[in-house]
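I wanted to go through this model with the coordinates open and write down what I looked up, one place at a time. My notes follow in the order in which I made them.

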Amino acid sequence: MMSAKSLTVKKITILGTTGSGKTTFLETLFGDIEKNDVARQVFKEVSNNLDFTPLKYNDFTNSTTTISLNVVNSVIVLTRFNKVIVKKYKDFESIDYESIDEAFNVVFNDPAGQERFDFMQDIAIKGADLVVIMVDGTNIASIEKISHFLSMVSQEEQRKNRKIPVIVFVNKSDLKEKGIFLGQEVAERIVFSSVIDREIVFYETSNLDARCYEIPFTIIFNYLSMQAYA
Ligand SMILES: Nc1nc2c(ncn2[C@@H]2O[C@H](COP(=O)(O)OP(=O)(O)OP(=O)(O)O)[C@@H](O)[C@H]2O)c(=O)[nH]1
Ligand SMILES: [Mg+2]
């Protein structure tokens, strides 16, 4: 019988500017998580990270910001019917064993995105098996940071002498309705305006709709699976 303890451990690190939705993404996947977050108005963003979004500062005042690192221990399961299920690690026993084709123990690292906590991102990327870059699709400055995160990935690849797959989430696509969502094409144009020596996949996401992660997670599962049998 498959038990959670015997699963291969994989690490996914989420990089992105402050306010892009990294922590909300984990909450969308897992519901309540244990967080190292404080109210945004108490620990106010001082860098210009939030300056280039048409959202008002008020839109963020009720939200929180991460001040170190959120970690969620999960299992990602591929069922016999090619469906990918993402659950908290402790919920593994509730999955129907018969339906499991393959599974990984995946530890998500969600470091603080504020620039003053850059060292947390450096710590979080160490040993990552896959990196999710999550940007605020309403914020050009956030999108322009993708290349910075890609260079962090390249450094880690050199350190470990192995490839790390990258997925970019251009988040807050629900704000298309308001006409302020810049979209995947803008992100791709900015990223590919400089020479990129890797394959990157982009998805438009919204944390208001968990279903938007179904396809990206089949891609993520495939990447992890290829590494496991490389
Ligand atoms: N409209 C919309 N708002 C979102 C979405 N995802 C996150 N937000 C909002 O964006 C704000 C910031 O979200 P967080 O998840 O705290 O951002 P973060 O990337 O963890 O930020 P740091 O912890 O500071 O690095 C919150 O007010 C969220 O409610 C989304 O998909 N759509
Ligand atoms: Mg956060």
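I began with Thr 23, which counts as buried because its relative accessibility is 11%, and the cut-off for that label is under 20%. I kept in mind throughout that the model is a predicted one.

I then asked which protein atoms serve as donors to the magnesium ion (ligand 2). I found OG1 of Thr 23 and OG1 of Thr 66, lying 2.0 to 2.1 Å from the ion. This pair links distant parts of the chain, since I placed Thr 23 in helix H1 (residues 22–30) and Thr 66 in strand S3 (residues 64–66), 43 residues apart. For Thr 66 I noted a relative accessible area of 7%, so this residue is buried.

Next I turned to strand S7, which spans residues 130–136, and I noted that seven of its seven residues are buried. When I sorted them by direction, Leu 130, Val 132, Met 134 and Asp 136 pointed one way, whereas Val 131, Ile 133 and Val 135 pointed the other way.

I also looked up which strands pair with S7. Strand S1 (residues 9–15) pairs with S7 in the parallel sense over four bridges, and within this pairing I recorded Val 131 of S7 as the bridge partner of Thr 13. Strand S8 (residues 166–171) also runs parallel to S7, joined to it by six bridges, and here I found Asp 136 opposite Asn 171 of S8.

My next entry concerns Glu 157, which I located in helix H5 (residues 146–160). Is Glu 157 buried or exposed? I entered it as buried, because its relative accessible area is 9%. Setting aside neighbours within four places in sequence, I listed its contacts as Arg 162, Lys 163, Ile 164 and Arg 198. I also took the C-alpha separation between Glu 157 and Thr 8, which is 20 Å for two residues 149 apart along the chain.

I finished with the chain as a whole, where I counted seven helices and nine strands. The radius of gyration is 17 Å, close to the 17 Å that the globule rule gives for 230 residues, so I wrote the chain down as being as compact as a globular protein of that length. Along the principal axes, the C-alpha atoms fill a box of roughly 50 × 40 × 35 Å.

Of the 230 residues, 52% count as buried. Among contacts with a separation of 6 or more, 75% are between residues 24 or more positions apart. Finally, I noted that the chain exposes about 11,300 Å², of which carbon and sulfur atoms supply 51%.

Terms used
Residues numbered from 1 in each chain as written. Chains lettered and ligands numbered in written order. Predicted model: local features only at pLDDT ≥ 70, side-chain atom pairs only at ≥ 80, totals over all residues. Heavy atoms only, no water. Helix = DSSP H or I, 4+ residues; strand = E, 2+ residues; numbered from the N terminus. Buried < 20%, exposed > 50% of the residue type's maximum accessible area, 1.4 Å probe, protein only. Contact = heavy atoms within 4.5 Å. Pairing = 2+ DSSP bridges. Donors = N, O, S within 2.8 Å, 3.2 Å for Na, K, Ca; no water. Rg over C-alpha atoms; globule rule 2.2 N^0.38 Å. Areas by Shrake-Rupley, 256 points an atom, 1.4 Å probe, with all protein chains shown as cover.
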